[in-house]
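Me: I have a structure open and would like to go through it step by step. Could you help me read it?

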Amino acid sequence: MNKTVNIKPFKFVPYLKSVLWGGERIAIYKGIDTDQHAIGESWEVSGVPGHESVVAEGEDKGLTLPQLIDRYRGALVGEAVYEKYGNTFPLLVKLIDAKRDLSLQVHPNDELAMKRHGSRGKTEMWYIIDADEGASIYAGLSQSITPDEYERMVADNTVMDVVARHESHAGDLFFLPAGRIHAIGAGNLLAEIQETSDITYRIYDYGRLDANGQPRQLHTELAKDAIDYNVYGNYKSDYEHVSSGEARLIKCDYFDIRKVVVTCACDIDASQCDSFRIIMCLEGAVEVVDNFSNVTEMHRGETILVPAATSSLHITGEATLLTATM
């Protein structure tokens with residue numbers, strides 16, 4: 001663990017993705033002036049091939065995230081992370097604005113994804129930033145079904161009858177391990193942190209047509225073997241709600257997510273953490289000063305990547321942040 005290399009935190013150019021279910025909130029939320037409409041996703045930090053994040057400023061401006069990792073290696077992502085993932089960044093971080101319901105989906109686990117696609121699977125989490133009155137998140141099964149029953153229910157358009165619906169509110173948290181059936185309902189603005197994988201099996205899409213007037217492709221058979229058919233008691237994740245300071249939201253094999261509420265100032269000790277740290281500013285604005293005296297300003301809707309070589313952060317201002325490490 002090398003904590004002596006001075007690398008300033010990075011900001012990236014967001015990849016704004018227009019989709020048929022997208023809304024108009026992301027540009028306003030991020031303070032971006034754009035003519036682009038129906039923006040459903042802003043990819044904040046991405047190593048997905050074809051959509052790699054590009055450094056927005058500083059001496060490394062213009063480098064893609066894989067190029068950045070190749071330049072700084074373990075000092076950027078952490079020695080153990082670099083040894084396992086190489087120049088592939090292990091997390092994909094997004095903002096999502098659903099003006100309309102998203103399709104019902106499931107993602108394969110690592111084993112199945114590697115067998116079928118030569119790729120990692122996708123475990124993810126959602127933190128609700130804002131939700132319209134009556135908005136919903138769909139996650140998990142509300143009753144037990146068999147794989148054959150699932151296939152029949154997709155065919156007769158009744159599969160949503162067995163998907164658990166949860167009314168969503170700002171601050172709600174949903175952990176979605178690979179295999180859990182899920183969909184984002186209309187009216188949700190949320191932060192998504194996931195494994196770096198773009199493999200999605202679409203199960204149901206309300207009979208919608210694509211831009212060419214064709215029904216959107218479903219992956220009924222592929223999803224059949226990927227779904228976790230168990231029914232669980234609670235699909236909404238509980239966590240300690242703090243008015244100031246830090247609270248852990250989720251820790252799993254793929255990420256460690258925390259919420260940090262800054263009311264004036266706070267310090268983050270990264271001296272024992274051999275990992276990069278992603279910081280998303282969900283509300284407010286802060287100034288982040290690292291142990292090398294590098295100063296980074298953040299406002300609502302911005303995301304930064306803090307190198308693993310950073311040993312401490314002093315944060316001042318008033319804001320709600322999400323942090324992610326490995």
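Reply: The conversation below goes through a strand, a pocket, a helix and several loop residues. Please keep in mind that this is a predicted model.

Me: Let us start with β7. Is strand β7 enclosed or open to the outside?

Reply: Strand β7, residues 124-131, is largely enclosed by the rest of the structure, because seven of its eight residues are buried.

Me: Which strands is β7 joined to by bridges?

Reply: There are two to look at. Strand β12, residues 188-195, runs antiparallel to β7 and is joined to it by seven bridges. Strand β10, residues 173-176, is also antiparallel to β7, and four bridges link them.

Me: Which residues could I click on to find these pairings?

Reply: For the pairing with β12, select Asp130, whose bridge partner there is Leu189. For the pairing with β10, select Tyr127, which has Leu173 as its bridge partner.

Me: New topic: pockets. What is the volume of the largest pocket?

Reply: Its volume is about 460 Å³. The lining consists of 24 residues, and those closest to the centre are Lys17, Trp21, Glu41, Gln105 and Thr200.

Me: Which strands supply at least two residues of that lining?

Reply: Strands β2 (15-23), β3 (39-45), β5 (91-98), β7, β11 (182-184) and β12 each do so. The largest share, four residues, comes from β2.

Me: And how do the lining residues divide between nonpolar, polar and charged?

Reply: Nine residues of the lining are nonpolar, six are polar and nine are charged.

Me: On to helix α2. Which of its residues are buried?

Reply: In α2, which covers residues 65-72, the buried residues are Leu65, Leu68, Ile69 and Tyr72. Viewed down the helix axis, these buried residues fall within an arc of 100 degrees, so they line one face of α2.

Me: What do those buried residues pack against?

Reply: The buried residues of α2 pack against the strands β1 (10-13), β3, β4 (54-55) and β19 (303-306), and also against the helices α3 (74-77) and α4 (79-85).

Me: What follows α2 in the chain?

Reply: Arg73 follows α2, and its phi is positive, near 50 degrees.

Me: Which residues other than glycine also have a positive phi?

Reply: Ala38 and Asn157 can be named here. Phi of Ala38 is near 55 degrees, and phi of Asn157 is near 60 degrees.

Me: Where are these two, and are they buried or exposed?

Reply: Ala38 lies in the loop between α1 (25-30) and β3. Its relative accessibility is 23%, so Ala38 counts as partly exposed, a class that starts where buried ends, at 20%. Asn157 is in the loop between α6 (147-155) and β9 (163-167). At 52% relative accessibility, Asn157 counts as exposed, since the cut-off for that class is over 50%.

Me: One last residue, His219. Where is it, and is it buried or exposed?

Reply: His219 sits in the loop between β13 (201-204) and α7 (220-224). His219 has a relative accessible area of 18% and is therefore buried, as the limit for buried is under 20%.

Me: What is His219 in contact with, leaving aside its neighbours within four places in sequence?

Reply: Its contacts are with Tyr150, Thr200, Tyr201 and Arg202. Thr200 has already come up, as one of the residues closest to the centre of the largest pocket. In addition, the C-alpha atoms of His219 and Ile203 are separated by 5.9 Å, although these two residues are 16 residues apart along the chain.

How values were computed:
Residues numbered from 1 in each chain as written. Predicted model: local features only at pLDDT ≥ 70, side-chain atom pairs only at ≥ 80, totals over all residues. Heavy atoms only, no water. Buried < 20%, exposed > 50% of the residue type's maximum accessible area, 1.4 Å probe, protein only. Pairing = 2+ DSSP bridges. 1 Å grid on protein atoms, 1.4 Å probe; cavity = no way out; pocket = protein on both sides within 12 Å on 5 of 7 lines; lining within 4 Å. Points joined across faces, edges and corners; volume = space filled by probe spheres on them. Nonpolar A, V, L, I, M, F, W, Y, C, P; charged D, E, K, R; others polar. Arc of directions from axis to C-beta. Contact = heavy atoms within 4.5 Å.
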